[in-house]
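Here's a quick briefing to read alongside the model. Have the sequence and the 3D view open, and we'll go topic by topic.

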Protein chains: 2
Amino acid sequence: MGSSKTHIFSIQQNELAQAAKVLAHPARIAILEYISKQEGCICNDLVDEIGLAQPTISQHLNEIKKIGLLKGTYEGKNLCYCIDQERWLELQQAFNNFFSNINLNCC
Amino acid sequence: MGSSKTHIFSIQQNELAQAAKVLAHPARIAILEYISKQEGCICNDLVDEIGLAQPTISQHLNEIKKIGLLKGTYEGKNLCYCIDQERWLELQQAFNNFFSNINLNCC
DNA sequence: ATTTAATATTGCAATATTACGATAATAATA
DNA sequence: TATTATTATCGTAATATTGCAATATTAAAT
């Protein structure tokens with residue numbers, strides 16, 4: 001017990017749930033929104049902006065990276081990253097499909 | 001430590017994250033998809049369909065109910081419920097806004 | 001080669017989630 | 001009222017998430 005029984009669900013169901021999980025924390029929503037507000041890539045100021053400790057921000061960024069939503073060079077000084085457009089649109093479509101394919105003719 | 005610092009984020013950020021959290025489990029995706037496939041309301045057969053124990057299904061349904069995505073009468077024999085259209089469209093719009101308002105002109 | 005600034009990793013504690021067996025509550029029906 | 005079928009709640013164990021201090025790594029700049 002304790003762990004999700006992912007194997008009894010389809011790949012699509014697991015993938016959508018996985019993507020939703022990344023959005024399921026306000027810090028990660030805030031991070032994505034902040035990056036998007038910038039003109040170009042984002043460097044440095046995320047910790048001051050969000051208000052969580054640096055290791056915590058780093059972990060959240062890692063969660064976002066793991067589903068491919070961030071691109072950039074991740075090593076060294078002046079790390080700069082931004083949202084991966086292709087992956088972003090892919091997830092947007094996945095959520096949109098999910099919401100659109102639901103049948104609402106009931107009750 | 002351990003609990004999310006929700007107070008440092010906006011209401012909108014917390015609400016979207018909360019909605020995403022409900023979608024962040026394949027069982028709940030499966031439940032929503034299954035209900036939507038039915039002609040009308042869904043009664044009874046969810047446990048057999050999903051493949052999790054009845055208390056577990058009940059808990060997942062409760063999570064979905066808590067953000068207002070299900071309506072129906074929840075007591076007694078032949079409990080019938082279905083997706084709340086108004087709330088569904090509200091969340092669809094919230095996700096759509098989030099994905100659309102992101103600025104992708106970078107890198 | 002050292003220093004420095006930025007990011008990542010580790011270790012740990014607190015909290016949350018997931019799952020299910022056992023049991024309780026509910027409401028229709030006999 | 002007693003039975004029955006259905007759904008909810010309780011209790012508990014396993015696992016996952018969140019957050020941060022301490023530390024390590026990285027790479028540019030001195």
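Which backbone oxygen lies 2.9 Å from a polar atom of the side chain of Asn14(B)? Keep in mind that this is a predicted model. The backbone oxygen in question belongs to Thr6(B). From there, the notes below move out to the pairing of the two chains and then to the salt bridges.

**Around Asn14(B)**

- To find Asn14(B), go to helix 1 of chain B, which covers residues 11–23.
- Asn14(B) has a relative accessible area of 19%, and it counts as buried because that value is under the 20% cut-off.
- Leaving out residues up to four places away in sequence, Asn14(B) touches Thr6(B) and Phe9(B) in its own chain, plus Pro26(A) across in chain A.
- Thr6(B) therefore turns up twice here: it is one of the residues that Asn14(B) touches, and its backbone oxygen sits 2.9 Å from a polar atom of the Asn14(B) side chain.

**How the two chains are related**

- Chain A superposes on chain B after a rotation of 180° with 0.0 Å of shift along the axis, and the RMSD is 0.0 Å.
- The two copies are thus related as by a two-fold rotation axis.
- Which residue of chain A comes closest to the rotation axis? That's Ala20(A), with its C-alpha at 2.5 Å.

**Where chain A meets chain B**

- The contact takes in 47 residues of chain A and 47 residues of chain B.
- The copies meet through the same surface, because 100% of the interface residues of chain A are also interface residues in chain B.
- Together the chains bury about 4200 Å² between them, and carbon and sulfur atoms account for 71% of it.
- How many salt bridges link chain A and chain B? The count is zero.
- Polar contacts do cross between the chains, though: there are eight residue pairs, both residues at pLDDT 80 or more.
- On the chain A side, the elements giving two or more residues are helix 1 (11–23), helix 2 (26–37), strand 3 (80–83) and helix 5 (85–100).
- Helix 5 of chain A provides the largest share of that side, with ten residues.
- By residue type, the chain A side splits into 27 nonpolar, 15 polar and five charged residues.

**Salt bridges in helix 5**

- Over all chains, the structure holds four salt bridges.
- In chain A, one of these joins the side chains of Glu90(A) and Arg87(A), at 2.7 Å from N to O.
- Both Glu90(A) and Arg87(A) are in helix 5 of chain A, three residues apart, or about one turn of the helix.
- Buried or exposed, or something in between? Glu90(A) is partly exposed at 44% relative accessible area, and Arg87(A) is also partly exposed, at 24%.
- In chain B, Arg87(B) forms a salt bridge with Glu90(B), with the closest N and O atoms 2.7 Å apart.
- Arg87(B) and Glu90(B) are separated by about one helical turn, because they are three residues apart in helix 5 of chain B.
- Arg87(B) is partly exposed, with a relative accessible area of 25%, and Glu90(B) is partly exposed too, at 44%.

**What else Arg87(B) touches**

- Arg87(B) is found in helix 5 of chain B, residues 85–100.
- Not counting residues up to four places away in sequence, Arg87(B) touches Ile67(B), Gly68(B) and Leu69(B).
- How far apart in space are Arg87(B) and Ile67(B)? They are 8.4 Å apart, C-alpha to C-alpha, with a separation of 20 residues in sequence.

**The salt bridge in helix 4 of chain B**

- Glu63(B) pairs with Lys66(B) in a salt bridge, the closest N and O atoms being 3.3 Å apart.
- These partners lie in helix 4 of chain B (residues 54–66), and being three residues apart, Glu63(B) and Lys66(B) are separated by about one helical turn.
- Glu63(B) counts as partly exposed at 31% relative accessibility, while Lys66(B) counts as exposed at 61%.
- The 61% of Lys66(B) puts that residue in the exposed class because the class begins over 50%.

Technical notes. Residues numbered from 1 in each chain as written. Chains lettered and ligands numbered in written order. Predicted model: local features only at pLDDT ≥ 70, side-chain atom pairs only at ≥ 80, totals over all residues. Heavy atoms only, no water. Helix = DSSP H or I, 4+ residues; strand = E, 2+ residues; numbered from the N terminus. Buried < 20%, exposed > 50% of the residue type's maximum accessible area, 1.4 Å probe, protein only. Polar contact = N/O pair within 3.5 Å; in protein donor to acceptor, adjacent residues only side chain to side chain. Contact = heavy atoms within 4.5 Å. Least-squares fit on C-alpha atoms with pLDDT ≥ 70 in both. Buried area = accessible area lost by both parts, 1.4 Å probe. Nonpolar A, V, L, I, M, F, W, Y, C, P; charged D, E, K, R; others polar.
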